[in-house]
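Dear colleague,

I am passing on the structure we spoke about, and my notes on it follow below. Please read them with the model open beside you.

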Amino acid sequence: MKAIHKKITLFVVCLTGFASPFFARGQETVQAWARFDTSGWIGDALELKLVCRSDAPDKVNFPVLQEQISEDLPLLPEDSLRTETVTDAASGLFTRTVSYRFSAYKEGRFAMPAFRFEFVRDDSLRVISTDTGSVRFFAPVVDTLQPIQGIRATFEVSRKELFKEYLDRYGYWIWILPGTAALLLAGLYLWKRYKQGKPVFAPQRPPVPPIDQAIGNLRKLQEKRLWQQGQVKEYYTELTDILRLYLAEGMKIAAVEMTNEELSEALKEHLHGTPEHLRALLSVLDRSVLVKFAKVRPQPDEHEDSLKKVAAFLEYRKSSETEKAHVPSEEQK
């Protein structure tokens with residue numbers, strides 16, 4: 001009876017298709033919600049859709065999912081992610097849908113978390129969160145009372161199928177001759193380089209430290225003169241990307257994946273000992289949000305000020321890392 005109840009439950013739920021949309025509303029022109037399959041068998045590929053309807057979809061930051069929705073709901077990488085945008089000619093609104101596929105590998109009911117959408121309205125950052133939900137995965141039912149089925153009868157295989165199987169199993173011998181020739185040519189090439197006194201392999205360059213990479217990228221950005229050519233949004237995008245990449249590689253802060261709000265909280269935790277650098281970086285992040293989403297046009301001296309603040313922070317970090325490198329360890333003492 002328990003197995004029959006499970007089958008009936010799964011059939012009724014599957015008839016409903018997607019779960020009812022979980023809506024979250026911000027301004028009248030911005031609506032966001034999540035839709036997802038509510039049930040399936042273990043290992044089934046279920047679908048999650050994150051939807052936003054607005055007058056400017058490019059100004060709305062969708063939640064970014066990496067390898068999993070939650071601990072029990074991993075994403076299927078071969079199917080994630082897909083994006084679709086539809087325009088409503090009557091209202092002039094755009095509906096953007098980002099689709100993922102997910103699964104679960106154990107039976108049970110699992111929570112579907114809320115998803116955050118971000119956009120700028122009236123020169124301030126707004127956040128929309130969808131409602132939470134749940135999804136149920138069923139294990140296949142095995143009837144142990146049924147008798148074990150017998151082995152299927154033998155059947156003949158044609159010569160053509162036997163020959164194909166032979167090629168599939170022993171076809172690698174066909175590659176022995178070309179492979180041997182390739183090895184001989186490679187050995188001859190290495191011997192000539194050795195006789196000529198040339199290095200057999202090019203020396204591997206030492207990896208560039210993250211702080212030096214960031215300072216070099218900042219110098220290249222300054223040489224591009226983006227904001228001087230009217231490319232203000234591109235200028236602030238590249239500037240904040242340089243900062244985020246260094247924080248991720250040099251300070252082990254997951255800055256690349258964070259929203260501006262999350263990154264601000266992380267900086268407050270890691271830079272509480274240097275309030276001047278903390279205030280400087282927070283001002284740069286706030287200014288970049290206004291430029292990218294609210295189309296604010298800062299003054300030329302503010303562009304230079306943003307770059308100088310990031311450069312001052314990087315120089316401070318470089319000097320700090322250099323001092324740590326020269327401090328003798330306990331073993332050296």
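**Cores and a buried aspartate**

The largest nonpolar core (a set of buried Ala, Val, Leu, Ile, Met, Phe, Trp, Tyr and Cys residues joined through side-chain atoms within 4.5 Å, where buried means under 20% relative accessible area with a 1.4 Å probe, protein chains only) has 32 residues, and those with the most contacts inside it are Tyr 246, Leu 247, Leu 267, Phe 313 and Leu 314. Two or more residues each come from α4 (210-224), α5 (232-250), α6 (260-270), α7 (275-293) and α8 (300-326), with α5 giving the most, 8 residues. Helices here are DSSP runs of H or I of at least four residues and strands are E runs of at least two, numbered from the N terminus.

Beyond its neighbours within four places in sequence, Phe 313 is in contact (heavy atoms within 4.5 Å) with residues including Leu 243, Met 251, His 277 and Leu 281. Apart from this core lies another, of 26 residues, among them Ala 32, Ile 69, Leu 73 and Tyr 100.

Asp 37, in the loop between β2 (30-36) and β3 (39-41), is buried yet has no salt bridge (a side-chain nitrogen of Lys or Arg within 4 Å of a carboxyl oxygen of Asp or Glu). The side chain of Asp 37 does, however, reach the backbone nitrogen of Glu 47 at 2.9 Å.

The protein chain holds 8 helices and 13 strands, and 32% of its 333 residues count as buried.

This is a predicted model, in which local features need pLDDT of at least 70 and side-chain atom pairs count only at pLDDT 80 or more, while totals for chains, interfaces and linings use all residues. Residues are numbered from 1 along each chain as its sequence is written, and side-chain values use heavy atoms, leaving out hydrogens and water.

With best wishes

Notes:
Buried < 20%, exposed > 50% of the residue type's maximum accessible area, 1.4 Å probe, protein only. Lys, Arg positive; Asp, Glu negative; His and termini not counted. Polar contact = N/O pair within 3.5 Å; in protein donor to acceptor, adjacent residues only side chain to side chain.
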